[in-house]
Amino acid sequence: MKILLSDSFDASLPGRLAKYGEVTDDKNQVGSADVVLIRSKTKCTREFIDAAPNLKLIIRGGVGLDNVDREHAKSKGIKVYNTPKASSVAVAELAFALMIALPNQLITAHNSTVAGQWLKKDLKRTELLNKTLGIIGCGRIGLEVAKRAKAFGMKVYVYDVVPVSSEYIDGQKELAELLPLCDYFSLHLPLTPETTGLINKERIAQMKNGACLINTGRGKTVVEEDILEALQSGKLGGYGTDVYVAEPPENAAILKAPNTVFAPHIGASTKENLLRISDEVVLLMDQFAKGELA
Ligand code: NAD
């Protein structure tokens, strides 16, 4: 069996997979691969899948499967799995880091201090204590964010298409009720036709003036031009994001917007999480090798 590591994984993974077959990271060998391991970079499009006639299994190390043409894979009898549990803490911690960075003006504070300025009197901070957080899409990651928000003394409401309850949540709302209620929003949505462009001009208009938005879900769940306009007008007080409509967001207008914190899609990339992803991949490979993977 040939296993192609098409994206980067923890350095221990090739050694751990060696007992199942030949392991390679040479993408030119896709044509003879039985199993392809990907993260978010490789796009398993129809063309990619068609170029791999031996392919039987795609494992996405991570959560979102929007980079896999699952319909086409299914039509070819190729199994597609992800590692949904591994990344929750890693992404939630980044979402929280972005949410703390905005009201504490950390980016301006850092850049100005390094530049020799001393903005002690100019930089005004606000606290998260007693503020209201709206979690949009509250599955595994959203719940980890809720837990952290409670520790900071925030009120936490969620919007989700399925019922969500947890000791860390003060209530579930319809989106139209949630939007005017919150000081902060954290997006944890999968990219689907329903979530594409969900946070647009009309929905931003329903938010409180100065609300801050955090996005560690998927870039295309927001309309970036509408976010930009709202940041420029002050309607949005800040935008912290790990994800973009196009990645990398080369020359994207959003990068010039005020009151922002940007990360290069590193939500899942903690050392600990890469190990957890590897553990889940090995478990899946074990089941696959034993013929136990449904
Ligand atoms: P999850 O499946 O546990 O939770 C997603 C939640 O979104 C579910 O509760 C689901 O019911 C809800 N949802 C789906 N469609 C919706 C809609 N139209 N409106 C409202 N709610 C909707 O997934 P998760 O592990 O919490 O991950 C969430 C997303 O985070 C992933 O799909 C992925 O896009 C993104 N993610 C990003 C990174 C990163 O590196 N930044 C890493 C991992 C995951």
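**Entry 1: helix α9 and what follows it**

I began at G234, which takes a positive phi of about 90° just after α9. I keep in mind throughout that this is a predicted model. Going back into helix α9, which spans residues 224-233, I listed its buried residues as E224, D226, I227, L228, A230 and L231. I then looked for what lies over them, and found that the cover includes α8 (201-205) together with the strands β10, β11 and β12.

**Entry 2: the sheet of seven strands**

Since three of those strands had come up, I traced the sheet itself, which is open, has seven strands in the order β8-β7-β6-β9-β10-β11-β12, and shows parallel pairing. Its edge strands are β8 (171-172) and β12 (260-262), each of which pairs on one side only. At the β8 end I followed the pairing with β7 (residues 155-159), which is parallel and runs over two bridges, and I noted that V158 has Q172 in β8 as its bridge partner.

Next I asked which strands helix α4 touches where it packs on this sheet. Helix α4 (residues 88-101) touches β6 (132-136), β9 (184-187), β10 (211-215), β11 (236-241) and β12, and its direction makes about 150° with that of β10. Helix α6 (residues 140-151) also packs on the sheet, where it touches β6, β7 and β9, and its direction makes about 175° with that of β6.

**Entry 3: the ligand**

I turned to the ligand and counted 23 residues surrounding it, of which the closest are R140, I141, D160, T216 and D242. R140, with which helix α6 begins, offers a polar backbone atom that is 2.9 Å from an oxygen atom of the ligand. For D242 I found a side-chain contact instead, with a polar atom lying 2.9 Å from a nitrogen atom of the ligand. R218 places a polar side-chain atom 3.5 Å from an oxygen atom of the ligand. I also looked up how much of the ligand is covered: taken alone it exposes 860 Å², and the protein buries 87% of that.

**Entry 4: the sheet of five strands**

I then went to the other sheet, which is open and has five strands in the order β2-β1-β3-β4-β5 with parallel pairing. The edge strands here are β2 and β5 (79-82), and each pairs on one side only. Direction ignored, neighbouring strands of this sheet are turned by 15° against each other on average. At the β5 end, strand β4 (residues 57-60) is joined to β5 by four bridges and the two run parallel, with I59 standing opposite Y81. Helix α10 (residues 271-289) packs on this sheet and touches β1, β3, β4 and β5, its direction making about 165° with that of β4.

**Entry 5: strand β1**

I finished with strand β1, and asked whether the residues on its two faces are buried or exposed. In β1 (residues 2-5), K2 and L4 point to one side and I3 and L5 to the other, and all of them are buried, which leaves both faces covered. On the β2 side, three bridges join β1 to β2 (residues 22-24) in a parallel arrangement, and K2 stands opposite E22. On the β3 side, β1 again pairs in the parallel sense over three bridges, here with residues 35-38, and L5 has L37 as its bridge partner.

Technical notes: Residues are numbered from 1 along each chain as its sequence is written. This is a predicted model: local features need pLDDT of at least 70, side-chain atom pairs count only at pLDDT 80 or more; totals for chains, interfaces and linings use all residues. Side-chain values use heavy atoms; hydrogens and water are left out. Buried means under 20% relative accessible area, exposed over 50%, partly exposed in between (1.4 Å probe, protein chains only). Two strands pair if DSSP finds at least two bridges between them. Contact means heavy atoms within 4.5 Å. Axes are lines fitted to C-alpha atoms, for helices over the stretch in contact, and angles run from 0 to 180 degrees between N-to-C directions. A residue is near a molecule or strand if one of its heavy atoms lies within 4 Å of it. A polar contact is a pair of N or O atoms within 3.5 Å; within protein, one must be able to donate a hydrogen and the other to accept it, and residues adjacent in sequence count only if both atoms are side-chain atoms. Accessible areas come from the Shrake-Rupley method with a 1.4 Å probe; for residues, only the protein chains shown count as cover.
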